[in-house]
Amino acid sequence: MTPDRKDNDQPMTDFNRTRSLFHLPEGVIYLDGNSLGPLPLVARERVARLLCEEWGEMLIRGWNDAGWMTQPARIGDRIGRLIGAAPGTVVMGDTLSIKVYQAVAAALEMRPERRVILSDYGNFPSDLYMADGLIRSLGRGHEIRTVAPEAVGGALDESVAVLLLTEVDYRTGRRHDMARLTRAAHAAGALTVWDLAHSAGALPIDLAGAGADFAVGCTYKFLNGGPGAPAFIYVSPEHIGRVRPALSGWLGHEAPFAFDLDYRSGPGIERMRVGTPPIIAFAALDAALDVWDEASIHDVRARSMALGDRFITEVEQRCPGLELVSPRSAEDRGSQVSFRFEHAYPAMQALIDRGVIGDFRAPDIMRFGIAPLYLDADDMVRAAETLGDIVAHGRWDGPRYREQRAVT
Ligand SMILES: *Cc1c(COP(=O)(O)O)cnc(C)c1O
């Protein structure tokens, strides 16, 4: 049961309690949960149990006896509760990039007379790369049109087959109005693919209410499912019966174990499965989702907005050289705050060295994820103090902070 604030305004989430559910290394203030959420304590025993009792003892029987085969849909339903999706409309598997490909391919096929995929230039590159690869395989003259985020609504015309947007910009945290843009897309005859990478677990989402056609997202960011945790895909119940999967793997087949040589898509959302699901990763993700049984996403959102505002105030007081690139209004932000700084890369390395972990996004952005499940106002103040000290005294200025590593 997910507690929800319906009848009164009292927060129902005990944030001291949710914080206690995570392992946070001593001395670390973790402001990178928008990239990789921390370890939920129960995940350790859940994964150990899966290894020992299920894989170890059951062997191949685990697919039936431990319910491995039905996990993609069962965990999909758990995610569905957090994103406003009805049971049976979300399924897990693969990575987000793959899910983008599947969703865009399905949507393009439903608008065969149109040629344009509309996106904005704040979108995550992998989403655009996948769309580009899809276009090349189709060889039918499709094109990707990217416009400024604020120009998306005005760029919707009768050439647009698919509006492909990430709701919350990975760099700036700017948030699109999903309901409004979905209505505008539909009015122009286009379908929508919403990427929820920086939304799921960060803010309330109402896919069904917004009338979204397709949505995809990852689970290792604000959902804390662990490095490489599987992605999800949502298809509106209105469309799923007509979707012809482009990645027509055997586990999306109507009868995988009939081993027919002809592909026939499976029932409902199951057809968006591709191959063998990552059962070990599911054990960690399923444990991570237990945290949400004790937290209301509405409470998380309210606290995230307050913590973000606080962080901005504290940083701006101390660091006049940093320029806020996130929307100042919390309503228009996701759950992150980003600043532009000429020396962003070495400054972030110096900050990490002192236990305040955020990340760097090229060319000059310092990004801070605000995850209220395990962060409080004290963390905001202490992180800003450390940043202020580094910037004021040029403590980022050393060769060891300049060496660029593979993952930033
Ligand atoms: C994090 C992120 C991805 C990553 O895709 P993977 O296939 O999981 O590596 C893709 N798109 C967006 C918008 C993201 O924020």
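**Close-up views of a predicted model**

**View 1. L51 in helix 2 and its surface patch.** L51 belongs to helix 2 (residues 41-58); helices (H or I, at least four residues) and strands (E, at least two) are DSSP runs numbered from the N terminus. The model is predicted: local features need pLDDT of at least 70, side-chain atom pairs count only at pLDDT 80 or more, and totals for chains, interfaces and linings use all residues. Residues are numbered from 1 along each chain as its sequence is written, and side-chain values use heavy atoms, without hydrogens and water. L51 has a relative accessible area of 34% and is therefore partly exposed (buried is under 20%, exposed over 50%, partly exposed in between; 1.4 Å probe, protein chains only). With W55, L59, I60 and I280, L51 forms a nonpolar surface patch of about 520 Å² accessible area together (Shrake-Rupley method, 1.4 Å probe, only the protein chains shown counting as cover). Patch residues have over 30% relative accessible area and no salt bridge (a side-chain nitrogen of Lys or Arg within 4 Å of a carboxyl oxygen of Asp or Glu), and nonpolar side chains (Val, Leu, Ile, Met, Phe, Trp, Tyr) are joined within 5 Å.

**View 2. I29 in strand 2.** I29 lies in strand 2 (residues 29-30). Because its relative accessibility is 6%, I29 counts as buried. The C-alpha atoms of I29 and M380 are separated by 8.7 Å, although the two residues are 351 apart along the chain.

**View 3. Helix 11 and strand 14.** Helix 11 (344-353) and strand 14 (359-361) each supply at least two residues to the lining of the largest pocket. Helix 11 gives the most, with five residues. On a 1 Å grid over the protein atoms alone, a pocket is an open set of points where a 1.4 Å probe fits, with protein on both sides within 12 Å along at least five of seven lines; lining residues have an atom within 4 Å of a point.

Definitions and conventions: Patches are made of residues with over 30% relative accessible area and no salt bridge: like charges are joined within 9 Å, nonpolar side chains (Val, Leu, Ile, Met, Phe, Trp, Tyr) within 5 Å.
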